[in-house]
Amino acid sequence: MKYIGVNGVPTPSAEAVISVMDHGFMYGMGLFETFRTYGGEPSLLDRHLKRLNEGCRTLGIPYEADAERIRKEVTELLILNGLSEGYVRLTVSAGEGPLGLTTEDYIKPTVILYVKPLPPMDFSLYTQGKRLWRLRTPRNTPESEVRLKSLHYMNNLLARRELAVYEQDSSAHLPSEGMLLTAEGHLAEGIASNLFFAEQGRLYTPEIGTGILPGITRAIVMELAARCGLSLEEGRYPWDRLWTADEIFVTNSVQELVPVTQLAEPDGKSAVVGEGEIGPLTKQLLYFYRESVGS
């Protein structure tokens with residue numbers, strides 16, 4: 001990235017800094033949203049900003065995102081960074097505060113907008129899918145009633161390091177995602193995704209009460225399922241439930257819907273999901289998702 005937006009100002013990346021007294025740095029007090037562009041336009045921006053604004057109110061951070069302003073900033077950063085499409089991260093850090101835990105609301109948050117190239121995604125990702133590993137790292141419980149997309153990301157980083165070990169030792173050629181379970185052993189979410197699986201034409205996804213992030217793409221998929229007349233259930237399910245699933249897929253705002261075609265466990269146990277390629281229900285939902293977001 002040549003330029004990063006800092007408080008609305010495009011700034012050379014080498015000059016983009018925040019204070020060492022910023023509570024986002026000191027205590028992880030802050031939130032972020034990641035999304036992508038289609039045709040240079042931020043996708044589902046209003047939904048992302050609604051979640052961000054609600055989270056800021058919960059944390060006492062005085063920030064209210066302006067969608068039109070964010071769109072203009074994204075366009076400017078795409079141009080400055082020589083990109084036609086981008087992976088976008090909007091971060092709102094609490095801003096400066098005293099050394100120590102404060103109960104006062106923050107006054108001046110730091111707003112940082114990153115735009116980088118979309119990660120390379122081969123077409124085969126949406127036909128041959130991913131391998132899903134069961135992780136030993138448990139999903140931590142959220143700091144608030146519903147998980148916020150906060151700067152507290154150690155749990156995900158530890159999970160990603162665990163997954164890297166399995167990827168090194170594995171002969172599989174598929175890209176991987178790791179599945180975090182709750183302390184009670186229920187399916188929660190991927191390191192960077194929400195989970196869905198299908199059995200006999202019925203769709204299932206872990207409930208919000210398992211401590212998962214209420215993903216934007218997850219919500220869109222649930223709406224599309226209702227429009228398609230698909231039965232959908234939110235609940236608490238064990239890992240073993242995936243071994244009998246007809247189809248599995250994971251979702252996030254950058255990669256959309258990605259089929260899971262293999263399951264794997266740390267002890268070496270593995271299995272093919274369905275026919276080992278994207279299933280008809282996943283294919284249908286991916287098609288309608290892309291139509292709805294304008295890709």
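**Close-ups of a predicted model**

**View 1. Helix H2 lies across three strands.** Here H2 (residues 45–59) crosses strand S3 (30–38), S4 and S5, and runs at about 175 degrees to S3. Helices (H or I, at least four residues) and strands (E, at least two) are DSSP runs, numbered from the N terminus. Angles, from 0 to 180 degrees, are taken between N-to-C directions, with axes as lines fitted to C-alpha atoms, for helices over the stretch in contact. This is a predicted model, where local features need pLDDT of at least 70, side-chain atom pairs count only at pLDDT 80 or more, and totals for chains, interfaces and linings use all residues. Residues are numbered from 1 along each chain as its sequence is written, and side-chain values use heavy atoms, with hydrogens and water left out.

**View 2. Helix H3 packs on the sheet.** H3 (residues 67–80) touches S1 (3–6), S2, S3, S4, S5 and S6 (contact means heavy atoms within 4.5 Å). Its direction makes about 45 degrees with that of S6.

**View 3. Strands S5 and S6 run antiparallel.** Seven bridges join S5 (residues 87–93) to S6 (residues 110–116). One to look for: arginine 89 has tyrosine 114 in S6 as its bridge partner.

**View 4. H2 also helps line the second largest pocket.** It gives seven residues, the most of any element. There are 17 lining residues, and Lys50, Arg51, Leu52, Glu54 and Pro214 lie nearest the centre. A pocket is an open set of points on a 1 Å grid over the protein atoms alone, where a 1.4 Å probe fits, with protein on both sides within 12 Å along at least five of seven lines; lining residues have an atom within 4 Å of a point.

Terms used: Two strands pair if DSSP finds at least two bridges between them.
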